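Okay, thanks for coming, everyone. I'll put the structure up and then walk you through it piece by piece.

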Amino acid sequence: MTYCVGLLLNDGMVLLSDTRTNAGLDNIATYTKMFTFEDPGERVITIVTAGSLSVTQTTMARLREAIDAPEASPDTSIMLAPTMLKVAEIIGDTLASVRTDIESRMNAAKVSATASMIMAGQRAGGGMRLFLIYPEGNFIEATEDTPFLQIGEHKYGKPILDRVVKTTTSLADAQKAVLLSMDSTLRSNLSVGMPLDLAVIERDACRVTMRRRIEAGDADFAAMSEAWSHALRDGFSRISL
């Protein structure tokens with residue numbers, strides 16, 4: 001299991017993912033779930049993934065192959081696609097194809113292989129767009145009414161986002177919100193774990209303007225977590241019935 005979240009704001013986009021994967025209580029490993037494709041100043045695409053590692057890694061490999069292929073075209077390469085909508089369609093088609101291939105091989109073992117993704121992107125001259133891509137290849141898009149998208153073990157981290165995040169939220173506050181959302185998830189679900197990958201894409205920069213790996217034991221993250229716990233306890237004590 002995993003937890004990934006993406007925010008679409010007036011000032012830019014913020015994405016956060018954990019890195020824990022597990023195939024049982026005694027088989028836990030760390031793999032990045034955040035992937036970035038850039039032509040700085042022209043195009044940026046960042047993808048975070050949740051679900052079967054074999055599905056997500058194969059999907060990312062096929063997307064890279066399509067970019068590097070001599071016959072790459074706007075219909076096959078996310079770095080040549082004319083719009084971010086077309087990028088989402090290419091990713092969705094690739095994900096659905098990979099999932100179908102892998103599941104067909106695993107049917108005998110009655111094992112399901114599924115995955116989902118969040119894609120954030122912008123091209124020069126176009127607007128910022130944020131999509132949640134489902135295992136079947138279809139997708140939904142973040143809007144002004146719903147400026148954040150989540151995949152994986154999202155229920156623990158959703159309440160703070162519902163209360164805090166608006167399109168007018170600053171990028172600094174957005175980073176705080178996604179990190180506190182992750183902190184709530186880490187405390188409530190052992191299948192989500194450190195390190196964390198955080199990325200910020202400022203509006204019209206067409207590149208990742210800040211990327212940070214937050215390791216277990218990070219002093220700033222620990223201080224933020226403790227301050228949030230203290231604020232919740234203090235707020236709880238002030239409420240009377």
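So, how do strand S2 and strand S11 pair, and over how many bridges? They pair in the antiparallel sense, over 7 bridges, with S2 covering residues 12–18 and S11 covering residues 196–202. If you want a spot to click on, Asp18 stands opposite Leu196 in S11. Before I go on, keep in mind that this is a predicted model.

Let's zoom out to the sheet around that pair. You've got an open sheet of 5 strands, in the order S10-S1-S2-S11-S12, with antiparallel pairing. At the edges sit strand S10 (148–152) and strand S12 (210–214), and each of those pairs on one side only. On average, neighbouring strands in this sheet are turned by 10° against each other, if you ignore direction. Helix H4 then packs on the sheet, where it touches strand S1 (3–9), S2, S11 and S12. The direction of H4 makes about 20° with that of S2.

Staying around here, there are two backbone details to look at. Which peptide bond is cis? The one from Met194 to Pro195, with omega near -5°. Pro195 is in the loop between H4 and S11. Then, in the loop between S11 and S12, find Asp204. Its phi is near 70°, which is a positive value in a residue other than glycine. For context, most residues other than glycine have a negative phi, and most peptide bonds are trans.

Now, back to H4, and what it does with helix H5. Those two helices pack at an angle of about 80°, and their axes are 10 Å apart. Angles from 65 to 115 degrees count as roughly perpendicular, so that is what we call H4 and H5. From H4, the contact uses Lys176, Leu179, Leu180, Asp183, Ser184, Leu186 and Arg187. From H5 you get Phe221, Met224, Ser225, Trp228 and Ser229. By type, the residues of that contact split into 6 nonpolar, 3 polar and 3 charged.

And that brings me to a pocket, the second largest one. Which helices each supply at least two residues of its lining? Helix H3 (158–164), helix H4 (171–188) and helix H5 (219–238) do. The pocket's volume is about 220 Å³. Lining it are Tyr156, Pro159, Ile160, Arg163, Asp183, Ser184, Arg187, Trp228, Ser229 and Leu232. Sorted by type, the lining has 5 nonpolar, 2 polar and 3 charged residues. Some of those names should ring a bell: Asp183, Ser184 and Arg187 of H4 are also among the residues in the helix contact.

Okay, on to another sheet. This one is an open sheet of 5 strands too, ordered S5-S6-S7-S8-S9, and again the pairing is antiparallel. Here the edge strands are strand S5 (34–39) and strand S9 (139–141), each pairing on one side only. The average turn between neighbouring strands is 15°, direction ignored. Between S5 and strand S6 (residues 43–51), which run antiparallel, there are 6 bridges. Asp39 stands opposite Arg43 in S6.

Which helices go with this sheet? Helix H1 (residues 53–68) lies across S5, S6 and strand S7 (115–123), and runs at about 160° to S6. Helix H2 (residues 84–106) packs on the sheet as well, touching S6, S7, strand S8 (129–133) and S9. The direction of H2 makes about 155° with that of S7.

That's my tour, so let's open it up for discussion.

Conventions. Residues are numbered from 1 along each chain as its sequence is written. This is a predicted model: local features need pLDDT of at least 70, side-chain atom pairs count only at pLDDT 80 or more; totals for chains, interfaces and linings use all residues. Side-chain values use heavy atoms; hydrogens and water are left out. On a 1 Å grid over the protein atoms alone, a cavity is a set of points where a 1.4 Å probe fits but cannot get out, and a pocket is an open set with protein on both sides within 12 Å along at least five of seven lines; lining residues have an atom within 4 Å of a point. Grid points are joined across faces, edges and corners, and a volume is the space filled by probe spheres set on the points. Helices (H or I, at least four residues) and strands (E, at least two) are DSSP runs, numbered from the N terminus. Ala, Val, Leu, Ile, Met, Phe, Trp, Tyr, Cys and Pro count as nonpolar, Asp, Glu, Lys and Arg as charged, and the others, Gly among them, as polar. Two strands pair if DSSP finds at least two bridges between them. Axes are lines fitted to C-alpha atoms, for helices over the stretch in contact, and angles run from 0 to 180 degrees between N-to-C directions. Contact means heavy atoms within 4.5 Å. Angles under 35 degrees count as roughly parallel, over 145 as roughly antiparallel, 65 to 115 as roughly perpendicular and the rest as oblique.
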